[in-house]
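Here are a few exercises to work through with the model open in your viewer. Try each task before reading its solution.

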Amino acid sequence: MSATDWWQRGIIYHIYPRSFQDSNADGVGDLAGIRRRLDYLGWLGVDALWISPIYPSPMTDFGYDVSDYCDIDPLFGTLAEFDALVKAVKARGLKLVLDLVPNHTSDRHPWFVESRTNRHNAKRDWYIWRDPGPGGGAPNNWLSNFGGSAWEFDRATGQYFYHAFLKEQPDLNWRNREVRDAIYDVMRFWLERGVDGFRVDVIWHLMKDAGFRDNPPNPAYQQGRPEIERLLQLHSADQPEVHGVIAEMRRLIERYPGRVLIGEIYLPLDRLVRYYGEDLSGAHLPFNFQLIQAGWNARTLASMIKEYEAALPNGGWPNWVLGNHDQHRVATRIGPQQARVAAMLLLTLRGTPTLYYGDEIGMEDVPIPTGSARDPWQLREPGLGVGRDPQRTPMQWDDSANAGFTTGTPWLPLSSNYAKCNVEKLAASEGSILRLYRDLIDLRHRFPALSTGGFRLLTEGGDILAYERFDENECFEVYLNLSREVQRLDEKVSSRAPPEKRTLMLSTHGRRESDFHAPRRSLEGGEGVIYKMRR
Ligand code: GLC
């Protein structure tokens with residue numbers, strides 16, 4: 001087997017720091033809290049942590065509005081605390097990936113404060129300033145991802161500035177050389193401090209059309225959907241020049257051996273895979289969100305996996321993401337039973353898996369009472385179901401007050417089910433989703449066939465998704481029942497080996513006595529199994 005990097009073999013665990021573990025009773029999670037929970041992550045078996053932004057920020061978009069790229073927000077701790085975390089992470093052989101937010105800053109970042117003082121200051125061109133359009137209004141029709149125009153008029157200087165998200169998040173001008181160099185300095189700052197790479201926020205947004213042409217209307221727009229969908233984002237993002245910028249980031253990263261560049265990209269498959277870059281000069285891992293977006297049935301998943309595998313450039317390493325802080329939780333999207341199937345799928349597919357904190361205990365979206373919403377998107381476009389608070393609620397550690405997350409008042413409400421659904425309880429309960437996750441992670445680590453090995457689909461239709469994972473030493477077959485009904489196993493499955501050769505390694509439903517005596521002929525509704533094939 002060829003040598004692989006940790007980010008190919010490993011499993012990434014995404015922490016939303018506000019909600020993981022509070023250590024100072026202010027109701028918001030922090031770095032010391034993460035450090036306290038490293039034992040748990042070691043027990044679970046994940047390899048790398050990606051932490052959403054922890055930099056100084058007015059928190060209008062909860063850290064994705066950065067006012068200083070080279071420090072830690074006091075809510076989360078200090079640089080000394082960060083260094084302690086890096087040390088503790090490394091001591092356990094884990095990796096630490098930071099969130100880099102280069103597309104925009106906070107409007108309170110000193111760069112923007114200077115930029116808006118007058119039209120002639122040295123930082124004016126660091127942001128995207130335009131004269132009013134012919135009628136005196138916005139320079140073009142581009143929309144903010146959180147609703148409304150993407151242009152904000154600045155009375156003092158008589159120009160508009162562009163913001164793809166909130167007006168408190170002005171976009172940096174990546175056509176400006178100084179901006180690029182300033183962000184590359186930021187990257188070096190954290191790489192020198194020992195971080196193992198970056199997840200780059202909205203990387204496909206960095207470059208906009210040089211001519212600022214209007215975006216065309218979206219003919220498929222439906223009433224009741226977010227306003228951003230009224231237009232096709234043809235000119236405001238995913239411009240060809242972006243690949244040059246990413247290649248620069250990649251070259252910088254390459255100077256630090258073993259570091260990874262991950263890109264957040266929401267684009268259709270053909271455009272997504274371009275982010276591997278010409279001759280793999282782009283992101284190591286352009287995040288693949290198809291498991292979040294796909295219809296949850298065997299046929300759709302099979303063709304999606306097939307198309308993704310076929311679309312990957314030569315040498316491009318696949319990856320799969322099951323959830324994140326912007327998407328409804330997997331257990332809410334597909335139900336608790338299929339959430340187990342999803343876990344088995346994520347952890348047996350070819351490519352790097354990313355899982356979102358709390359999904360391993362089956363956390364669901366938590367309803368947020370009207371009036372208690374915190375997410376700015378929800379506040380700007382209420383009633384559409386775009387709010388992201390429900391998937392950002394505190395981690396449920398045990399059945400004590402506030403689930404052991406904080407001794408203060410949690411910044412978002414806890415799920416009402418935390419007495420039953422928490423780490424302590426599920427870790428002790430055989431057959432729990434948490435034990436399933438741990439067993440899957442363990443199996444993936446023990447057998448490289450499951451992570452870096454080959455992949456072959458065994459089904460095209462029906463209700464069972466089946467595939468083979470193999471290397472020169474081992475061969476596994478994975479069968480996932482995407483339906484609620486019992487399904488016969490051997491129909492429509494083009495297995496290469498007879499059932500007698502199968503040893504059951506893991507089932508989402510736990511093993512039954514009979515499994516030790518005879519090969520299974522059927523799967524329960526919502527059951528997934530992994531077989532190891534005897535030669
Ligand atoms: C990314 C983040 C999201 C944030 C947005 C603006 O999509 O994941 O949480 O609101 O960028 O920075």
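**Exercise 1.** Work out how many residue pairs are in polar contact between domain 1 and domain 2, and which secondary-structure elements of domain 1 face domain 2.

*Solution.* Keep in mind that this is a predicted model.

Step 1: count the pairs. Between the two domains there are 8 residue pairs in polar contact, with both partners at pLDDT 80 or more.

Step 2: look at the elements. On the side of domain 1 that touches domain 2, at least two residues each come from α10 (298-311), α12 (336-346) and α15 (433-446). Of the contributors, α10 gives the most, with 7 residues.

Step 3: sort that side by class. You get 10 nonpolar, 4 polar and 6 charged residues.

**Exercise 2.** Find the salt bridge between domain 1 and domain 2.

*Solution.* Start with the domain bounds: the assignment gives domain 1 as 6-104 + 176-208 + 240-376 + 395-439, and domain 2 as 454-533. The count of salt bridges between them is 1. Now check K306 and E460: their side chains meet in a salt bridge, at 3.2 Å from N to O. By number, K306 falls in the 240-376 segment of domain 1, and E460 in domain 2.

**Exercise 3.** Describe the interface between domain 1 and domain 2: how much area is buried, and which three residues of domain 1 supply the most?

*Solution.* First, the spacing: the domain centres, taken over C-alpha atoms, are 30 Å apart. Next, the contacts: 20 residues of domain 1 touch 26 residues of domain 2. Then the area: about 1900 Å² is buried between the domains, and carbon and sulfur atoms give 69% of that. Finally, the top three: A298, M344 and T348 supply 29% of what domain 1 buries against domain 2, more than any other three residues.

**Exercise 4.** Why can α12 be called largely enclosed by the rest of the structure?

*Solution.* Go through the helix and apply the cut-off for buried, under 20% relative accessible area. The residues that pass are Q338, A339, R340, V341, A342, A343, M344, L345 and L346. That makes 9 of the 11 residues of α12 buried, so the helix is largely enclosed.

**Exercise 5.** Is Q159 buried or exposed, and what does its side chain contact?

*Solution.* Locate Q159 in strand β6 (residues 159-162). Its relative accessible area is 10%, so Q159 is buried. Its side chain makes a polar contact with the side chain of D131, at 2.8 Å. Beyond four places in sequence, Q159 touches several residues, including R119, R124, W129 and R130.

Definitions and conventions
Residues are numbered from 1 along each chain as its sequence is written. This is a predicted model: local features need pLDDT of at least 70, side-chain atom pairs count only at pLDDT 80 or more; totals for chains, interfaces and linings use all residues. Side-chain values use heavy atoms; hydrogens and water are left out. Domain bounds come from an automatic or database domain assignment. Contact means heavy atoms within 4.5 Å. Buried area is the accessible area (1.4 Å probe) that two parts lose on being put together, summed over both. A salt bridge is a side-chain nitrogen of Lys or Arg within 4 Å of a carboxyl oxygen of Asp or Glu. A polar contact is a pair of N or O atoms within 3.5 Å; within protein, one must be able to donate a hydrogen and the other to accept it, and residues adjacent in sequence count only if both atoms are side-chain atoms. Helices (H or I, at least four residues) and strands (E, at least two) are DSSP runs, numbered from the N terminus. Ala, Val, Leu, Ile, Met, Phe, Trp, Tyr, Cys and Pro count as nonpolar, Asp, Glu, Lys and Arg as charged, and the others, Gly among them, as polar. Buried means under 20% relative accessible area, exposed over 50%, partly exposed in between (1.4 Å probe, protein chains only).
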